[in-house]
Amino acid sequence: MPLSFWTAWPSTEALSWESRTTAHRVLGWAMRLLILAGVLWGAFANGRIHGWRPVWVTLAVAAAVLVVWGLMRVTVEHRIWPALGLLGLLFAGAFAAQSQHAGYAATVLWCACAILAMERLPLAVAIPLTSAALGAYALLASRDNWLTTAFTAAGLGLVGYVVRLDKEARGNTQRLLAQERAARAAEAETAALRERGRIAREIHDVLAHSLSAQMVHLEAARLLIERGGDRGEVLDRVVSARRMARQGLAETRQALSALRGEMTPAEDFLRELVDSEGARLRIEGERRDLPAEAGLAVRRVAQEAMTNARKHAPGAKVAIRLDYLPGEVELEVRDFGGRPVDNEPVDNGELGGSGGGYGLLGMRERAELLGGTLEAGPAEEGFVVRLRVPA
């Protein structure tokens, strides 16, 4: 046996009351009251209850109860010297009871010392103390023959060890339950954070696409008004902004449906998108239903890429390609022939070109959460965004 086997304390869970069920607690209190009643009966059984004897006996029993309670407390805190001191008081009380011809009380105290030591102390200390207590019981308190006394002492020692093992088992169960509860709480918190992140991405994707597109049209209308532009052109910009607002409202409804797991097919969404934006759509590969998360990623990346094209390269032509590959799907959004706003380079060196710097960065995070990839950068002409996710 390793040294730690002999010097290790029973776990705090095993020694505390928290690991005990209500039935165990009721049974424990019932046994304690029964033992206490037996001690009082044994103390007064010889009939000498005159004078101050009942008072002294009652005080002695109360002191023993307090010592046992204190022993329970200090052993929970794994304090060896206070525990040995309190056990020493119980030993002294047992010898005192024996000297006053209260053999029953002495027997109860010695047996309590043996069981408590075996139950609550390290084995290196518990075994000698239990042996001493049971030896005192066998030599001084027991009037049976030596064979009965030996079996009784061995049985008491075994009871103490069984109680120790039972407490350890219940303590381990309590610890495992606590760990499981902590793991479930952490899992619930992680799931909540993941869901909040998902909702945040949905809100950002819808608002960034819709509001950014509206801002482009409204800003163009403002410039036309300031420069005295044609009234028809201004009206076209306002109508386009209103159309984008309607689309944003529809996308908000779609986002809420997506959060509930109800979505239109990705192909239908892309067709509606290119019709409203005047882009081109090409679909390749064997068509199939996409998983909800993959379909949502395709929709959101297409929206964000289209918004970026309209924001940073007005007038650019946009081509969207959806390719069904074995085990995955690829979306490519390419713009070409546009004019950078205010001579701004098409590739500004960051993925977050719109939506406050979070747009394509959020799309990349979405792709990585699904085990896919997102690439965005300048092409020979214009800018290309390429998404590939398992599907």
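A polar contact is a pair of N or O atoms within 3.5 Å; within protein, one must be able to donate a hydrogen and the other to accept it. With that in hand, welcome to a set of close-up views of this predicted model.

**View 1. Arg 321 and its surroundings in strand E2.**
Let us begin with a residue that has plenty to show. The side chains of Arg 321 and Asp 323 are joined by a polar contact of 3.4 Å. Looking past the neighbours within four places in sequence, you will find Arg 321 in contact with Arg 282, Glu 284, Glu 330, Leu 331 and Glu 332. Is Arg 321 buried or exposed? Its relative accessible area is 11%, so Arg 321 counts as buried.

**View 2. The salt bridge between Glu 332 and Arg 321.**
Here the side chains of Glu 332 and Arg 321 meet, with 3.3 Å from N to O. Glu 332 belongs to strand E3 (residues 328-336) and Arg 321 to strand E2 (residues 317-325), so this pair ties together parts that are 11 residues apart in sequence. Glu 332 is buried, with a relative accessible area of 11%, and Arg 321 is buried with a value of 11%.

**View 3. The salt bridge between Arg 386 and Glu 375.**
In this pair, the closest N and O atoms are 3.5 Å apart. Arg 386 sits in strand E5 (residues 383-390) and Glu 375 in strand E4 (residues 373-378), so parts that are 11 residues apart in sequence are tied together by the pair. Arg 386 is partly exposed at 24% relative accessibility, and Glu 375 is partly exposed with a relative accessible area of 47%.

**View 4. A network of salt bridges.**
Now for the wider picture around the two previous pairs. Which residues are linked in the network? They are Arg 282, Glu 284, Arg 321, Asp 323, Glu 328, Glu 330, Glu 332, Arg 334, Glu 375, Arg 386 and Arg 388. The structure holds 19 salt bridges.

**View 5. A salt bridge within helix H8, between Arg 222 and Glu 219.**
The closest N and O atoms of Arg 222 and Glu 219 are 2.3 Å apart. Both residues lie in H8 (residues 146-226), where three residues, about one turn of the helix, separate them. Arg 222 is partly exposed, at 37% relative accessible area, and Glu 219 is partly exposed too, at 36%.

**View 6. Helix H10 and the glycine that follows.**
Follow H10 along residues 266-277 and compare its length with expectation. At 1.5 Å a residue, its 12 residues should span 16 Å, and the end C-alpha atoms are 16 Å apart, which agrees. The buried residues of H10 are Ala 266, Glu 267, Phe 269, Leu 270, Leu 273, Val 274, Ser 276 and Glu 277. Just after the helix comes Gly 278, with a positive phi near 70°.

**View 7. Two spans annotated as transmembrane in UniProt.**
The unreviewed UniProt entry annotates residues 26-44, 56-74, 80-97, 109-140 and 146-165 as "transmembrane region". In the model, residues 80-97 are 100% helix and 0% strand, and the end C-alpha atoms of this span lie 26 Å apart. Residues 109-140 are 94% helix and 0% strand, with end C-alpha atoms 12 Å apart.

Terms used
Residues are numbered from 1 along each chain as its sequence is written. This is a predicted model: local features need pLDDT of at least 70, side-chain atom pairs count only at pLDDT 80 or more; totals for chains, interfaces and linings use all residues. Side-chain values use heavy atoms; hydrogens and water are left out. UniProt positions are given in the numbering used here, feature names are shortened, and annotations may be inferred rather than shown by experiment. Helices (H or I, at least four residues) and strands (E, at least two) are DSSP runs, numbered from the N terminus. A salt bridge is a side-chain nitrogen of Lys or Arg within 4 Å of a carboxyl oxygen of Asp or Glu. Buried means under 20% relative accessible area, exposed over 50%, partly exposed in between (1.4 Å probe, protein chains only). Contact means heavy atoms within 4.5 Å. The expected span of a helix is 1.5 Å times one less than its number of residues.
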